[in-house]
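Here are a few exercises to work through with the model open in your viewer. Try each task before you read its solution.

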Amino acid sequence: MSVSPEQVRHIAKLARIAMSDEEIERLVPELNNILGWVEQLGEVNTDGIEPLATVIDQQLRLRDDVVTDGGIRDEVLANAPEAQHGFFAVPKVIE
Amino acid sequence: MVELTSLTIAGLREGFRSGEFSAREIAEAFNTAVAAARALNAYTVETPEDALAAADAADKARGSAELGPLAGIPLGIKDLFATQGVDTTSGSRILKGFKPPYESTVSANLRKAGAGMLGKLNMDEFAMGSSNETSAYGAVISPWRRKGSNVGLTPGGSSGGSAAAVAAGIAPGATGTDTGGSIRQPAAFAGISGIKPTYGRCSRWGIVAFASSLDQAGPMAKSVRDCAILLEVMAGFDPKDSTSLNLPVPQWEAGLSSDLKGKRVGIPKEYRIDGVPAEINSLWDQGIEWLKDAGATPVEISLPHTKYALPTYYIIAPAEASSNLARYDGVRYGLRVEGVHTLDDMYSATRAAGFGAEVKRRIMIGTYVLSAGFYDAYFTKAQKVRALIKQDFRKAFEQCDVILTPTAPSAAFGIGETTDPLAMYLNDVFAVPASLAGLPAMSVPGGLDGQGLPLGLHLIGNELDEQTVLNAGLAIEERAGFSARPEKWWS
């Protein structure tokens, strides 16, 4: 499989990264190189193999459903590029 | 008096405790060395007052029962550990000016043990790189140079600032993180030691996430003993990390022994690959002899899926990265590009301006392999091959107790010399399999190549068996007698 400039443009849109046509053109061969290389995994017989999701066997823990953190609104907002009235502020999304 | 910046952590600890010198003298010596070594670009932020404050507390507590195990020791902290009130940018423009309101568990553990902080250490952007050239702060220059040459070399990456700082004597030890070799390859390039523990030993809480199923913190220092001292403090159960292992931390330092009688050292035949310089293979052979001399028995083992480890990694790591890095959206912290009208355009413009080329490349690969229609062909396939790689190691450890390989397929290369992304990825060919299997692994210096640059030997242990890795590392350290230090051209 190889990617076309249109596909790369679509991936950039999914990834929310603005890209010029020149950047797209430059990325197409780079991505195809990498994808061509990873496709050698096709040689490996993985029939009946469970995908590995947890590298060291362990059980996910449960904890009591209680509040353990919070009440630090101002600290959380301190790093925001824009905060208003105790909220993160973003460009208007509803007309 | 001895030059304090040349001592190991064990040496500093002893001198401080015996009263030979004060913690303040240690901190001042390192602060001065840090300020004089800016040509290396190893630190992104210097925090001399932090190191002094911890030193004064240590001096006050000397002789009391409250003295922490790292009292009097100042350390460098890789820039992807969140440090309360101190810029934490992960080497990226997109986190410019981010001052965490919290402290990472690992750095908090070090502080609780009495350590001070000399500053934040430069790194490849979001730990994506093997040369420290992708940092928004510019490349770190290795303190090492080829014999008779002034060409700037890379310290490796992504923990390049950490490696350079320890090698140059501007930190006695440093934190690193390793996703696919980011502690071990730079340790090898810089002639120092570094260990990545079993996945889950060190809490990932407060570490800027790259690929969560692989990321592990670990120490980088001048000696194996120093690595054991630091790792004991850094490791430990943390309920704030769902993959943190709820196990007691072994006393690795007390357990150090270079007597390897009865231990079997696996030599994987698949690690004899084409294109590796003869010097690296002969150092590997020398390493086998050293371990035999320490009492171990070498056994040939097979890890049949080795050649698929890198392509597996370059699906899984970018996939997890594309998901983890979705949080950089210009809303909650870091950079925001203004002057665009819609929320979507703000996201896209901010991420375009904030991420460097390698990070964008990996987000794009990751987004693609996770996208509808390709998920099974790439991501699920890679997870299955990862299971086979893990199984290879499980079988191998039925025949051996520790595995010996070279750390990297080359010595340090020049800044700007490797421009092809795939060629750069190959740096981690020996390091990545252990990462995919979550195993403890360490690099120790073995010797110098013909150009006068350090080469490392790599030890991989079974799950939770850091002790055997450290002990084999110590056996090599004692026999290699590696004492070379870079010539001090930077100050």
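**Exercise 1: the two sides of a helix**

In α8(B), the residues I280(B), L283(B), W284(B), G287(B), W290(B) and L291(B) are buried, where buried means 20 or more other C-beta atoms within 10 Å of a residue's own, exposed means 12 or fewer, partly exposed is in between, and C-beta atoms are placed from the backbone. Work out which side of α8(B) they take.

Solution. Start with the arc: they cover only 115 degrees around the axis, which puts them on the same side of α8(B); the arc is that of the directions from the helix axis to the C-beta atoms. Next, look across to the other side of α8(B), where A278(B), S282(B), D285(B) and E289(B) are exposed. Finally, find the partners: the buried residues pack against β7, β8, β9, β10, β11 and α15 of chain B.

A word on conventions: this is a predicted model, so local features need pLDDT of at least 70 and side-chain atom pairs count only at pLDDT 80 or more, while totals for chains, interfaces and linings use all residues. Residues are numbered from 1 along each chain as its sequence is written, with chains lettered from A and ligands numbered from 1 in the order in which they are written.

**Exercise 2: helix length**

Check the end-to-end span of α8(B), residues 278–293.

Solution. The rule is 1.5 Å times one less than the number of residues. For the 16 residues of α8(B) that should come to 22 Å, and the end C-alpha atoms are 23 Å apart, which agrees. Just past the helix, G295(B) has a positive phi of about 110 degrees.

**Exercise 3: a glycine in its surroundings**

Is G161(B) buried or exposed?

Solution. First place G161(B): helix α5 of chain B, residues 160–167. Then count: 35 other C-beta atoms lie within 10 Å, so G161(B) is buried. Among its contacts beyond four places in sequence are A42(B), Y43(B), K78(B) and N132(B), a contact being C-beta atoms within 7 Å. N132(B) is 29 residues away along the chain, yet the two C-alpha atoms are separated by 7.6 Å.

**Exercise 4: the spread of chain A**

How does the radius of gyration of chain A compare with the globule rule?

Solution. Chain A has 3 helices and 2 strands. The radius, taken over C-alpha atoms, is set against 2.2 Å times the number of residues to the power 0.38. Chain A gives 23 Å, well over the 12 Å for 95 residues, so it is more spread out than a compact globule.

Key:
Helix = DSSP H or I, 4+ residues; strand = E, 2+ residues; numbered from the N terminus. Contact = placed C-beta atoms within 7 Å.
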